Amino acid sequence: MNFAEFISYGFVQRALISGVLVSLITAMLGVFLVLKRLSLIGDSLSHIALSGVAVGLILNVTPIFAALPIVMLSSLGIFKLSKNKKIYADSALGIVSSAGIALGLIIAALAGGFNTDLMGFLFGNILTVTPAETVLSVIIFAIVIACLYFFYNALIATVFDEHFAKTAGVDTDKINILLVLLSAVVVVLAVKTVGIMLVSALIIIPPTSALQIAKKFKSVLICACIFSVFATVGGVYLSFLFNLPPSALIIILNLIILCICGLIKYAKSGKIN
Amino acid sequence: MNISEIKNLSFSYTGQTVLKDINFKIAEGDYIALLGPNGSGKTTLIKLLLGLLPSQKGKINLFGNTLQKFHAWQNIGYLEQKTTTPRNMPMTAFAVVRLGLLSTKKGLKLFNKEDNKKTISLMKKLRCYSYKDKLFSELSGGQQQRVLLARTIINEPKFLILDEPSTALDSSSREEFFEIISTLNEEKKTTILLVTHDISQVGKYVNKFLVLDKQIIFYGSKEEFCDSKEVTSYFGPYTQHLIDHLHTEGTCPMPHCHSEEVK
Ligand SMILES: Nc1ncnc2c1ncn2[C@@H]1O[C@H](COP(=O)(O)OP(=O)(O)O)[C@@H](O)[C@H]1O
Ligand SMILES: [Mg+2]
């Protein structure tokens, strides 16, 4: 099947639109999260999302709507924990992550075991995205872009040096809360589209690749977006060609890009020194 | 108007009292050297003054407002003792300096051509222009300190707070550094609170000394400092050394310095 034929299908179009939007959002937020050493927030929140989805399945509520408030509250919990000087940010993420898994398992057991629905959320299937979810992706994409645009330099200052940011008049608490809440929203969206497994990878790998080769903040954002979109579109296409799971292929492509960026960085530093 | 006023300020970190009953005022145009041994609470005092630590007891005023009501951050320039920035932060020296203009921005805080020009001219003046396109994280300690000083003064703050800014600098850069900030004090009436151990180098510029060791040991003019019993009894034999320093620089105008020396 050639590419033109491939994108003529409605479900492929929805998969690509949602996939590309989710890839863009996770890449951009990921840059800030990686630099703040909060990159595992995707991992933690997606585990919480699993509990949320389980609750939704039990209560017979649309899982995504049950998950959203639970994940948002947990993201605020992460913010609170990471403000505590005695707890490292990565430990805070680990704590919330374990809590999410434990609760998810118990709730799932109460609901009568891991059913196929829950497994679907775990591994996600980008090829089953509904039209409504595509619309939701567009809306959340717009919100994230607007927030990043309005708070661009305040975000950079907060990531660079919080004490400086505060004495430059930036409300750093507000900025940090914005960052974790946006992450929460994106995780819930991503869980429904690409699956829990993939969220973390999308937040961490493209920004890390971009940080290897770009020197300016804007270039890092742009590179991360390009890498992420390329891997997602490529992964979905390859999944068709070889009949393999798209999530896994998307991760593999991202890893290949990371290796190439690492090599470029290595080659460059060899030249300078 | 007082730039800052601190009343009955006390502070402790989980049980350990670090500051006790601190009272002082900073007047417009003051250039204060804040002295004290390591661990005497200098950094803590400054962080409280700027609201970077939650205040526990006492009152802090900045430009006539309580800290909660203070929003005029464009008047403040703060250079922290230990700056912690992400190791892999993708920011050039230029971008770091320009970020200092953030406090002057209202609404959409985006930078324009004017800001870029200002950044370039200041970087030339502070002689950090040659590495403007290098990554901040890949500069040497001294180069980073120059860049951070540029970031701190680019918004032409009325009140400059510098916490041991010269530690990473070699001695000629140090001299230059003190000259730059002293010029700001002389020409623009910038109020300066400077934590330093380089008393010999700043002695000729400052007009007040604040000696801290969990409480205020001494606060007053340079003239009083040279002649103060508190200072003499606090520093002990070291006092003469301090005063000699000031004296060598020709900055201790009181005849008492001479008579002390004779004794
Ligand atoms: N975050 C902190 N937690 C606990 N104790 C602290 C903290 N920061 C400083 N201290 C203690 O407070 C005292 C004063 O520290 P500091 O204000 O940094 O002194 P200085 O700047 O004069 O060297 C020291 O004894 C130090 O150990
Ligand atoms: Mg200190």
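This report walks through a predicted two-chain model, its chain contact and a magnesium site.

Residues are numbered from 1 along each chain as written, while chains are lettered from A and ligands numbered from 1 in the order written. Because the model is predicted, local features need pLDDT of at least 70 and side-chain atom pairs count only at pLDDT 80 or more, while totals for chains, interfaces and linings use all residues; side-chain values use heavy atoms, leaving out hydrogens and water.

Let's start with confidence. The model has ipTM 0.87 and pTM 0.89. For chain B, pLDDT (the predictor's confidence in each residue, from 0 to 100) averages 87, and 89% of the residues reach at least 70.

Next comes the interface. Chain A contributes 26 residues and chain B 32 residues to the contact, where contact means heavy atoms within 4.5 Å. Together the chains bury about 2,500 Å², 67% of it on carbon and sulfur atoms; this is accessible area (1.4 Å probe) lost on being put together, summed over both. On the chain A side, A:Phe160, A:Thr167 and A:Lys215 lose the most area, together 29% of what that side buries. The rule finds one salt bridge across the interface, defined as a Lys or Arg side-chain nitrogen within 4 Å of an Asp or Glu carboxyl oxygen. B:Arg151 and A:Asp161 form a salt bridge at 3.9 Å, N to O.

Finally, the magnesium ion (ligand 2) has these donors (N, O and S atoms within 2.8 Å of the metal, 3.2 Å for Na, K and Ca; water is not among the atoms, so sites may look incomplete):

| Residue | Donor atom | Range for the pair |
|---|---|---|
| B:Thr43 | OG1 | 2.0 to 2.1 Å |
| B:Gln81 | OE1 | 2.0 to 2.1 Å |

Notes
Buried area = accessible area lost by both parts, 1.4 Å probe.
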